[in-house]
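Q: Please take a close look at the nonpolar interior of this protein chain. Which residues form it, and how does it relate to the rest of the fold?

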Amino acid sequence: MKTLNIVGCGKVGRTLARLWTEAHVFRVQEVVNRTEESAEGAVNFIGTGRAAPSVEAMSPADLWLVATTDGVIVAACRRLFQARKLRPGDIVFHPSGALPSSECAFLREQGAAVASVHPVKTVPDPKAAVATFAGTYCAMEGDAAALSVLRPAFEAIGARVFHVETTHKVIYHAASVFACNYLTALMEVALSCYEKAGLPREQALKVAEPLTRETVENLFRLGPVEALTGPVARGDAATVERQLQALSAWRGEVAELYRRLAGVAVVLAERKGAAEPEALTRLQEVLRVGASG
């Protein structure tokens, strides 16, 4: 069984290590965190391994998981490089969605293969994440030698692995930000609009919930084109224009967000084909005027 060392064993690191231990995929050997107390806590959660006081004090391993926060992954890899712990054929990988593996390409100078495998999953609680990890999609990119080991390792714990281009890794992660974080932000804008119309926030949430849930269900069942409804899908330029004017008079930044999203919706409406071409042309004119105004 291949050995695994972990540098920065937080929530994601603990989840993966526990799963690999239970599935007998890797033997967790040593863990180093900012404090030995934290490393001991990680080892206790994983159920095996031992805490190390520093990277420099760690023993060699077949695989190194660098699961620190994104901002210090490269620095942690640099420290590993300077400690000269790597052997030809060792694998170093990280779980960041935003950082491409190429940022740690200098590790290849010591014969290591580098990669990244990003679980598309929120991990607020490692214990819960372990229980629900099966079926999680994981984006992988990096050296073929590393991926040939990591793909089956992730599949063994129930992951659905897919490949992303290293050169476009940041855009890949932006997709998840749009789908998750900015969907939340967009709902906040919607709730603000309801409140402006006189609804208390608690009631606004209740009003928005069934509409939002049905929309999301239709989106994944039918796809974005067929799921699109509303004034843009109908080619109702007059309604769009009135809403833009009202939003502009209230909050210009909300009006601009509305206009830009309407531009995306027009493209979907064109593909859907339910609205008359002339109506969509009029819509595009309204949106252009809104931009210049």
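A: The following account begins with the whole chain, turns to its interior and ends at the surface.

The model is predicted. The protein chain contains twelve helices and eight strands. Its radius of gyration is 24 Å, well over the 19 Å that the globule rule gives for 293 residues, so the chain is more spread out than a compact globule. The C-alpha trace spans about 70 × 40 × 35 Å along its principal axes. Of the 293 residues, 43% are buried.

Within this fold, the largest nonpolar core comprises 38 residues. Those with the most contacts inside the core are Leu4, Ile6, Trp20, Val31, Phe93, Leu150 and Phe154. Helix 5, which covers residues 144-155, contributes six residues, the largest share of this core.

Phe93 merits particular attention. When its neighbours within four places in sequence are set aside, Phe93 is in contact with Leu4, Trp20, Leu63, Trp64, Leu65, Val66, Ala115, Leu150 and Phe154. Apart from the largest core lies another core, of 21 residues, which includes Val32, Trp64, Phe81 and Cys104.

Contacts across the sequence can also be considered for the whole chain. Among its contacts with a separation of 6 or more, 62% join residues 24 or more positions apart.

Nonpolar residues also occur on the surface, where Leu183, Leu186, Leu257 and Leu261 form a patch with about 290 Å² of accessible area together. Helix 6 (169-196) and helix 11 (252-272) each supply at least two residues of this patch. Leu261, found in helix 11, counts as partly exposed because its relative accessibility is 40%.

How values were computed
Residues numbered from 1 in each chain as written. Predicted model: local features only at pLDDT ≥ 70, side-chain atom pairs only at ≥ 80, totals over all residues. Heavy atoms only, no water. Patch = residues over 30% accessible without salt bridge, like charges linked within 9 Å, V, L, I, M, F, W, Y side chains within 5 Å. Areas by Shrake-Rupley, 256 points an atom, 1.4 Å probe, with all protein chains shown as cover. Salt bridge = Lys/Arg side-chain N within 4 Å of Asp/Glu carboxyl O. Helix = DSSP H or I, 4+ residues; strand = E, 2+ residues; numbered from the N terminus. Buried < 20%, exposed > 50% of the residue type's maximum accessible area, 1.4 Å probe, protein only. Core = buried A, V, L, I, M, F, W, Y, C linked by side-chain atoms within 4.5 Å. Contact = heavy atoms within 4.5 Å. Rg over C-alpha atoms; globule rule 2.2 N^0.38 Å.
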